[in-house]
Amino acid sequence: MNYESTRGESPRLGFDDVLLTGLAPDGGLYIPEHWPQFSAKEIARLPGLPYAELAARVMGPFVAGSAVEAEFDAVVAEAYSEFEHAAVVPLKQLEPSLWLMEQFHGPTLAFKDLALQLLGRLFDRVLKARGERVTVVGATSGDTGSAAIEACRDREQIDIFILHPKGRVSEVQRRQMTTVDARNVHNIAIEGSFDDCQDLVKAMFNDAAFRREMRLSAVNSINWARIMALIAYYFAAAVALGAPQRAVEVAVPTGNFGNVYAAYAARRMGLPIDGFVVGSNRNDILTRFFESGTMQIAEVEPSYSPSMDIQVSSNFERLLFDLFEGDGEQVKHTLTQFRKTGRFEVAANSLRQALALFAGHRLDDPETLAEIRRIHAETGELVDPHTAVGIAAARSRRGAAETPMIALATAHPAKFPDAVEEATGIRPALPERLADLFEKPERMESLSNDLDAVQAHIRAAVSEALPAG
């Protein structure tokens, strides 16, 4: 399997190089040269398989030719052995035809574990096979950071630096990153928004000299392997609810578009998904796009669902590539102008193509609290703010009554206890294995939103960590 850049100016690469490279040299994102196809007969063989076995079968075509291909099934099994629920992503029925897929049973209580527990192990094996070491740099709006750190901690071939917006993640999210005591883990609190953090990471990757010097690699959802791992749980949920004989719909709370793009990718592979509902908070750039065909940056406003406090949805570029019929030059021109002006719009035919599958729905903070309260009163479930947005999006757009709608529970309610308590009067407790989280010392550096300062810090920390000679 080879991969191409959405901007069309970088050479095609195999899986191992795409894994380690992350962002393409031309600034684009890697996507498969062709989509593996699963027939109805092949999908019908998936129900009843253990999650790891199903996931390995779905992802297998993407790692063809890789250094890990021969042991891929074992690596996947090892990654999901860390999860506390036997089903890994269990389904709960909330209403007739409305199902909740719980994605928070991994080590850091968020859906990011489903990709990053696998990604860390893939990195380790490919790097050891090559005798190489990399510097992983990532930005987080809350959950990616802790999941990436947990996946990469203590791995000999990796130094990991995670940038988060200072004061704009929940205390649980921050402490899950900053209390990890590992020499190869480095946390940087940036004075700014998540978009500022993401821009710093992209700037470091676009600095060719720094990228080579530090052997930069990415674990954010710009890394194709992250998307690949998420595709699997859409297959698992859909076959549990009757696929391929019955189609499903999905509702995904998202800011960076990676999670819902993985559902779209599953559809491209043959999974019968009839539609996608994108749930947004007050930072509603995606919902506004699906309403108007115009993507326009606004000020990032802190919310009760901080992982979606985003105005530049990086993974949307992968969908844009399809809306532009694979024209990498048009993708590059559009997104270059977007960075200059903060705005772009697509032609009417492209918007129609998007709206045939996608819809958006937004909730502001008061509506989010009201939804958390309603869900608890009607079902007894405590949900975090992101999940509440997803459930509200699902209820707003349900299609045919016989088509199951799957809403994603992307984080454990205890990651956002203040919002849950404000809405319901109940403060959700952390699982016992994380009960001492607030007692551990924190380790992080605070830096200004300045590329030179961040690069200097990373360079110094990597130099200090390297063995002498």
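Does Phe358 count as buried or exposed, and at what relative accessibility? In this predicted model, Phe358 has a relative accessibility of 4% and therefore counts as buried, the cut-off for that class being under 20%.

Phe358 forms a stacked aromatic pair with Phe276, with 4.9 Å from centre to centre and 25 degrees between the planes. The two residues belong to distant parts of the chain, 82 residues apart: Phe276 lies in strand S11 (residues 273–280) and Phe358 in strand S14 (residues 358–362). Phe276 is also buried, and its relative accessible area is 1%. Both rings are members of one aromatic cluster, which includes Phe257, Tyr261, Tyr264, Phe289 and Phe290. Phe316, Phe338 and Phe344 belong to this cluster as well.

The count of aromatic pairs comes to 20. Among them is the pair of Tyr3 and Trp224, which is tilted, with a centre-to-centre distance of 6.0 Å and an angle of 45 degrees between the planes. Tyr3 is part of strand S1 (residues 2–5) and Trp224 is part of helix H10 (residues 224–240), so this pair ties together parts that are 221 residues apart in sequence. Tyr3 and Trp224 are both buried.

Helix H5 covers residues 112–130 and has 19 residues. From the first C-alpha to the last, H5 reaches 27 Å, close to the 27 Å expected at 1.5 Å a residue. H5 is mostly covered, with 15 of its 19 residues buried. Just after H5 comes Gly131, which takes a positive phi of about 65 degrees.

How values were computed. Residues are numbered from 1 along each chain as its sequence is written. This is a predicted model: local features need pLDDT of at least 70, side-chain atom pairs count only at pLDDT 80 or more; totals for chains, interfaces and linings use all residues. Side-chain values use heavy atoms; hydrogens and water are left out. Helices (H or I, at least four residues) and strands (E, at least two) are DSSP runs, numbered from the N terminus. The expected span of a helix is 1.5 Å times one less than its number of residues. Buried means under 20% relative accessible area, exposed over 50%, partly exposed in between (1.4 Å probe, protein chains only). Rings of Phe, Tyr and Trp (its six-membered ring) pair if their centres lie within 6.5 Å; planes under 30 degrees apart count as stacked, over 60 as edge-to-face and the rest as tilted.
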